[in-house]
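Colleague: I am new to this one. Please take a close look at a single part, the salt bridges, and then connect that part to what lies around it.

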Amino acid sequence: MPIVLTEKGESVTWYVATTGKPYFIKQDSSRDDMQDLTDSDFGGAVGAKAPSGAVVEAPAA
């Protein structure tokens with residue numbers, strides 16, 4: 001199911017699955033500052049792990 005946002009001659013279209021879980025599937029954009037994206041392999045392992053080393057707090061603004 002496409003969801004389209006158009007403004008100032010530029011557009012972004014997002015596609016969401018309409019069967020099963022409503023996964024975000026794809027993004028098509030005519031904007032220079034926004035990439036086209038395609039997602040797949042939902043529910044699969046991503047190989048993420050905690051970083052090693054010291055944790056350092058960001059300075060307060």
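Modeller: Asp33 is exposed, because its relative accessible area of 60% is over the 50% cut-off. This is a predicted model, and its mean pLDDT is 89, with 100% of the residues at 70 or more.

The side chain of Asp33 forms a salt bridge with that of Arg31, with N and O 2.7 Å apart. Arg31 has a relative accessible area of 30% and so counts as partly exposed. This pair therefore joins a partly exposed residue, Arg31, to an exposed one, Asp33.

The count of salt bridges comes to two. The other one links Lys26 and Asp28, whose closest N and O atoms are 3.9 Å apart. That distance still qualifies because the limit is 4 Å. Lys26, with a relative accessible area of 31%, is partly exposed. Asp28 is partly exposed too, at 24%; this value is above the 20% under which a residue would be called buried.

Asp28 also leads into the sheet. It is a residue of β3, and Thr13 stands opposite it. Strand β3 covers residues 24–29 and runs antiparallel to β2, with five bridges joining them. On the question of what holds such strands together, the general point is that strands of a sheet pair through backbone hydrogen bonds.

Strand β2 covers residues 10–16 and has the highest confidence, a mean of 92, while β4 has the lowest, at 89. Six bridges join β2 to β1 (residues 2–7), and this pair is antiparallel. Along it, Ile3 has Trp14 in β2 as its bridge partner, and Glu7 has Glu10. Two residues separate β1 and β2 in their hairpin, where Lys8 takes a positive phi near 55°.

Taken as a whole, the sheet is open and has four strands in the order β1-β2-β3-β4, with antiparallel pairing. Its edge strands are β1 and β4, each of which pairs on one side only.

One feature of the surface is nonpolar rather than charged. Tyr23, Ile25 and Phe42 form a patch there, with about 240 Å² of accessible area together. Phe42 lies in the segment after β4 (37–38). At 38% relative accessibility, Phe42 is partly exposed, and so it passes the patch limit of over 30%.

Definitions and conventions
Residues numbered from 1 in each chain as written. Predicted model: local features only at pLDDT ≥ 70, side-chain atom pairs only at ≥ 80, totals over all residues. Heavy atoms only, no water. Patch = residues over 30% accessible without salt bridge, like charges linked within 9 Å, V, L, I, M, F, W, Y side chains within 5 Å. Areas by Shrake-Rupley, 256 points an atom, 1.4 Å probe, with all protein chains shown as cover. Buried < 20%, exposed > 50% of the residue type's maximum accessible area, 1.4 Å probe, protein only. pLDDT = per-residue confidence, 0-100. Pairing = 2+ DSSP bridges.
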